[in-house]
Amino acid sequence: MVPLSYYLVLSGILFACGVTGFLIKRNIITIFMSIELMLNGVNLSFVAFAAHWHVLAGQIFVFFVMVVAAAEAAVGLAIIIAVYRTRETLNVDQVNLLKL
Amino acid sequence: MISVHLILFLAFGAVCVAGAVNLLVQRHPINSALSLIAVMAALAGEYLLLGAEFVAALQVIVYAGAIMVLFVFVIMLLNAGVEERTQGSRVAILFGIPGMLIGSVLVAWVVLRHSGTGEVAIGALPGPPKTIGDMLFHEFLLPFEITSILILVAIMGAVVLASKPPSSPAEAPRQKVKD
């Protein structure tokens with residue numbers, strides 16, 4: 001038996017790592033990966049709560065989060081490719097103008 | 001009392017945290033991507049411990065498989081190199097890391113202190129994937145259909161965004177001269 005709080009702490013650590021990466025990383029792809037890390041942390045707490053309360057709907061929510069993450073990854077990486085094509089850089093500090 | 005469940009939880013959790021920290025430390029995006037794959041695989045193990053076989057399989061197939069392949073593909077396509085440290089990122093490191101440490105310690109303290117003694121047994125989730133499928137096609141039918149539309153829109157958006165823009169008429173003569 002593992003206390004529910006352990007799962008919540010692990011999910012909190014993963015989420016905090018994701019936020020930190022979002023803040024300190026300068027490569028746009030790595031920033032995107034940090035967002036995926038945050039989504040994973042949230043998914044873990046969804047499943048842990050579902051197991052704790054014996055409610056199956058938590059797994060359905062994880063399913064929807066994954067679908068949205070997949071759609072987000074596809075569109076986001078296409079945007080990254082478009083940005084790289086016009087700016088020829090992946091550094092977010094150099095992508096600071098709306099118009100070229 | 002230390003049970004097998006707790007040992008497995010701690011082992012998978014250690015891999016998760018190590019991978020997440022490694023993602024932050026590494027400078028090259030491909031190393032970050034590989035450590036993120038390790039995090040996702042270890043999380044699939046955690047889901048199996050909770051009894052969520054369906055989610056664990058999805059985690060491996062969709063996250064560690066499809067999404068991370070997309071990431072690695074883009075990293076290699078754009079030939080992404082080592083990221084450089086800038087003035088902004090130094091400030092972010094200076095304030096971001098202590099802030100997140102304080103925040104996560106605070107959250108951990110509150111959760112550990114006030115969440116009661118609720119425990120999760122190994123394989124606690126009821127119902128095989130069949131039950132999830134039933135729920136998905138009865139109670140959650142409308143959201144499920146909406147996600148299919150979302151995926152369709154995402155596919156079209158990705159194709160439109162990533163396709164090469166047609167060369168404008170003003171540029172065309174110049175290219176001819178270059179040829």
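## Where the two chains meet

In this predicted model, chain A and chain B share a contact in which 59 residues of chain A touch 76 residues of chain B. On the chain A side, four elements each supply at least two of the touching residues: strand S1 (2-3), helix H1 (4-24), helix H2 and helix H3 (57-87). H3(A) gives the largest share, with 20 residues.

What kinds of residue make up the side of chain A that touches chain B? Sorted by type, they come to 45 nonpolar, eleven polar and three charged.

## Two helices side by side across the interface

A good place to look next is the pair of H2 helices. H2 of chain A covers residues 28-53 and H2 of chain B covers residues 29-50; their axes come within 11 Å and cross at roughly 5 degrees. Angles under 35 degrees count as roughly parallel, so H2(A) is roughly parallel to H2(B).

If you would like to trace this contact on screen, the residues of H2(A) include A:Ile29, A:Met33, A:Leu37, A:Leu44 and A:Val47, while those of H2(B) include B:Pro29, B:Leu36, B:Val39, B:Leu43 and B:Leu50. A:Glu36 and A:Asn40 also take part from H2(A), as does B:Glu46 from H2(B). Taken together, the residues of this contact are 15 nonpolar, three polar and two charged.

## A small strand pairing between chains

The chains also meet through strands. S1(A) pairs with strand S1 of chain B, residues 119-120, in the antiparallel sense over two bridges. Within this pairing, A:Val2 stands opposite B:Val120.

## Helix packing inside chain B

H2(B) also has a partner within its own chain. It packs against helix H3 of chain B (residues 53-77) at an angle of about 175 degrees, with the axes 8 Å apart. Angles over 145 degrees count as roughly antiparallel, which means that H2(B) is roughly antiparallel to H3(B).

Among the residues of H2(B) in this contact are B:Ile30, B:Ile37, B:Ala41, B:Ala44 and B:Leu48, and they belong to a set that meets residues of H3(B) including B:Val55, B:Val60, B:Tyr63, B:Met68 and B:Phe71. The residues of this contact divide into 20 nonpolar, one polar and one charged.

B:Pro29, B:Leu36 and B:Leu43 are among the H2(B) residues that meet H2(A), and these three are also listed in the contact with H3(B).

## A bent helix in chain B

Finally, have a look at helix H4 of chain B, residues 87-114. Its 28 residues reach 40 Å from the first C-alpha to the last, close to the 40 Å expected at 1.5 Å a residue. Where does H4(B) bend? The bend is at B:Ile93 and amounts to about 30 degrees.

Technical notes:
Residues numbered from 1 in each chain as written. Chains lettered and ligands numbered in written order. Predicted model: local features only at pLDDT ≥ 70, side-chain atom pairs only at ≥ 80, totals over all residues. Axes fitted to C-alpha atoms, helices over the stretch in contact; angles between N-to-C directions. Parallel < 35°, antiparallel > 145°, perpendicular 65-115°, else oblique. Contact = placed C-beta atoms within 7 Å. Nonpolar A, V, L, I, M, F, W, Y, C, P; charged D, E, K, R; others polar. Pairing = 2+ DSSP bridges. Expected span 1.5 Å × (residues − 1). Bend = angle between axes of the 7 residues up to and from the residue.
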